[in-house]
Amino acid sequence: MVKNLFLPRFSQEKKEKNPDSIEFQVLNFTNKIRRLTAHLELHRKDYLSQRGLQKILGKRQRLLSYLSNKNRIRYNKLINQLDIRESIIR
């Protein structure tokens, strides 16, 4: 299995500094999302994985909305580094 295929370069320095940071959690969720998306391209009827993907997307979205409310600069930097679309915040 390709576990470290999607890890960006800055993830290793983040891991050493603070694994509880919001940026590190969003990074881990993003890697899981990319792996599950690649899996679902091959196995379209894997509904359990689809449900897991939706749950992870919701968790990442809640973390990103929290970060955008707390510190907009860190949010924009993280969005640009991970190449994530900016979401509409309610």
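What follows is a chat between a colleague and a modeller about a predicted model of one protein.

Colleague: Let's start with the overall fold. What makes up the protein in terms of helices and strands?
Modeller: There are four helices and zero strands. Read along the sequence, the pattern is α-α-α-α.

Colleague: And where is confidence lowest, and where highest?
Modeller: Helix α1, residues 11–17, has the lowest confidence, with a mean of 56, while α3 has the highest, at 96. The average pLDDT for the protein is 85, and 79% of the residues score at least 70. Where pLDDT is low, the predicted coordinates should not be read in detail.

Colleague: How do you know that the span of α3 agrees with what a helix of 24 residues should have?
Modeller: The expected span is 1.5 Å times one less than the number of residues. For the 24 residues of α3 that gives 34 Å, and the end C-alpha atoms are 35 Å apart, so the two agree.

Colleague: Now some residues in that helix. Why is Ser49 called buried?
Modeller: Buried means under 20% relative accessible area. Ser49 has 15% relative accessibility, so Ser49 counts as buried. Ser49 sits in helix α3 and, not counting residues up to four places away in sequence, touches Leu36, His39 and Leu40.

Colleague: Which other residues of α3 are buried?
Modeller: Besides Ser49, the buried ones are Leu53, Ile56, Arg60, Leu63, Leu64, Leu67 and Ser68. What covers the buried residues of α3 includes α2 and α4.

Colleague: Then what makes Gln54 exposed?
Modeller: Exposed is over 50%. With 56% relative accessibility, Gln54 therefore counts as exposed. Gln54 is also in α3, which runs over residues 47–70. The C-alpha atoms of Gln54 and Ile33 are 9.0 Å apart, with their positions 21 residues apart in sequence.

Colleague: Why does Arg62 count as exposed?
Modeller: Arg62 comes in at 55% relative accessibility, and the cut-off is over 50%, so Arg62 counts as exposed. Arg62 is another residue of helix α3. The C-alpha atoms of Arg62 and Val26 are separated by 9.9 Å, at 36 residues apart along the chain.

Colleague: Over to α2. Why is Thr30 called buried?
Modeller: Thr30 has 2% relative accessibility, and buried means under 20%, so Thr30 counts as buried. Thr30 is found in helix α2. Leaving aside neighbours within four places in sequence, Thr30 is in contact with Arg60, Leu82 and Ile84.

Colleague: Which residues touch the most other members of the largest nonpolar core?
Modeller: Val26, Leu64, Leu78 and Leu82 do, out of the 18 residues in that core. Helices α2 (22–42), α3 and α4 (72–82) each supply at least two residues of this core. The largest share, eight residues, comes from α2. In soluble globular proteins, nonpolar side chains tend to be buried together.

Colleague: What is Val26 in contact with, leaving aside its neighbours within four places in sequence?
Modeller: The contacts of Val26 are Arg60, Leu63, Leu64, Leu78, Leu82 and Ile84.

Colleague: Last one, on the whole protein. How much of the protein is buried, and how much area does the protein expose?
Modeller: Buried residues make up 30% of the 90 residues. The protein exposes about 7000 Å², with carbon and sulfur atoms supplying 50% of that area. As for contacts between residues at least 6 apart in sequence, 50% join residues at least 24 apart.

Notes
Residues numbered from 1 in each chain as written. Predicted model: local features only at pLDDT ≥ 70, side-chain atom pairs only at ≥ 80, totals over all residues. Heavy atoms only, no water. Buried < 20%, exposed > 50% of the residue type's maximum accessible area, 1.4 Å probe, protein only. Contact = heavy atoms within 4.5 Å. Core = buried A, V, L, I, M, F, W, Y, C linked by side-chain atoms within 4.5 Å. Areas by Shrake-Rupley, 256 points an atom, 1.4 Å probe, with all protein chains shown as cover. pLDDT = per-residue confidence, 0-100.
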